[in-house]
Amino acid sequence: MTKDTVNKNAVKLGGTPITVLGDFPVVGQTAPAFTLVDKDLKDVSLKDFSGKRKVLNIVPSLDTGVCATSTRKFNEAASKINNAVVLVISADLPFAMGRFCTTEGLTNVTALSLMRGREFMRDYGVKIVDSVLRGVTARAVIVLDEKDRVIHAELVDDITHEPNYAAALAVLK
């Protein structure tokens, strides 16, 4: 597959197939490098979390119920995980992500915006290119080890569904 791979059936929105562009990482591969933006408008890269295990909770927008729920659930789980960070990645602006985390009292996740890192969507195979959600990400959870190797990867079959939390967290134990 190449970065221009179009996957028309892997993801649905409320049961309707949507097109996702890029190569979704597979277990065993090294995760692509990225630089995204945190709540303070600081550029943050994958390298900034070197030596830690990482849960990438990739969501379309924290302004949706399922995205908010997954962020809350991973925030709760993160407090019990040693040497790991949970990165919530969305197309939301850093201000909105910061406000959401503050309002919800979420202190165990790091919110990262695609504001200056839109190539992440294609590099990670989650770029929606059609439907009403074109321009944001499909829902996915990717877990990386300390050396940024993929140890779990789930491209959620329908954006309206929650990810398999148990499977993602099991690889961290």
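Which residues form a nonpolar patch on the surface? Leu 41, Leu 93, Phe 95 and Met 115 do. Together they offer about 350 Å² of accessible area. Keep in mind that this is a predicted model.

Take Met 115. The loop between strand E7, residues 109–113, and helix H3, residues 119–123, holds Met 115. Its relative accessibility is 30%, so Met 115 counts as partly exposed.

Now helix H1. H1 covers residues 65–78, 14 in number. From first C-alpha to last, H1 reaches 20 Å, close to the 20 Å expected at 1.5 Å a residue. Its buried residues are Cys 67, Ala 68, Ser 70, Thr 71, Phe 74, Asn 75, Ala 77 and Ala 78. An α-helix has 3.6 residues a turn, so residues three or four places apart point the same way. What do the buried residues of H1 pack against? Four strands are E5 (53–58), E6 (84–90), E7 and E9 (140–144). Helices H2 (94–104) and H4 (165–170) are there too.

On to the rings. The structure holds four aromatic pairs. In one of them, Phe 34 and Tyr 124 have ring centres 6.0 Å apart and planes at 70 degrees, so the pair is edge-to-face. Phe 34 sits in the loop between strands E2 (16–21) and E3 (35–37), and Tyr 124 in the loop between H3 and strand E8 (127–128), so the pair ties together parts 90 residues apart in sequence. Phe 120 and Tyr 124 also pair, and this pair is stacked: 4.2 Å centre to centre, 15 degrees between planes. Ring pairs thus link Phe 34, Phe 120 and Tyr 124 into a cluster. Buried or exposed? Phe 34 and Tyr 124 are buried, and Phe 120 is buried as well.

Notes
Residues numbered from 1 in each chain as written. Predicted model: local features only at pLDDT ≥ 70, side-chain atom pairs only at ≥ 80, totals over all residues. Heavy atoms only, no water. Patch = residues over 30% accessible without salt bridge, like charges linked within 9 Å, V, L, I, M, F, W, Y side chains within 5 Å. Areas by Shrake-Rupley, 256 points an atom, 1.4 Å probe, with all protein chains shown as cover. Salt bridge = Lys/Arg side-chain N within 4 Å of Asp/Glu carboxyl O. Helix = DSSP H or I, 4+ residues; strand = E, 2+ residues; numbered from the N terminus. Buried < 20%, exposed > 50% of the residue type's maximum accessible area, 1.4 Å probe, protein only. Expected span 1.5 Å × (residues − 1). Contact = heavy atoms within 4.5 Å. Phe/Tyr/Trp six-rings, centres within 6.5 Å; stacked < 30°, edge-to-face > 60°.
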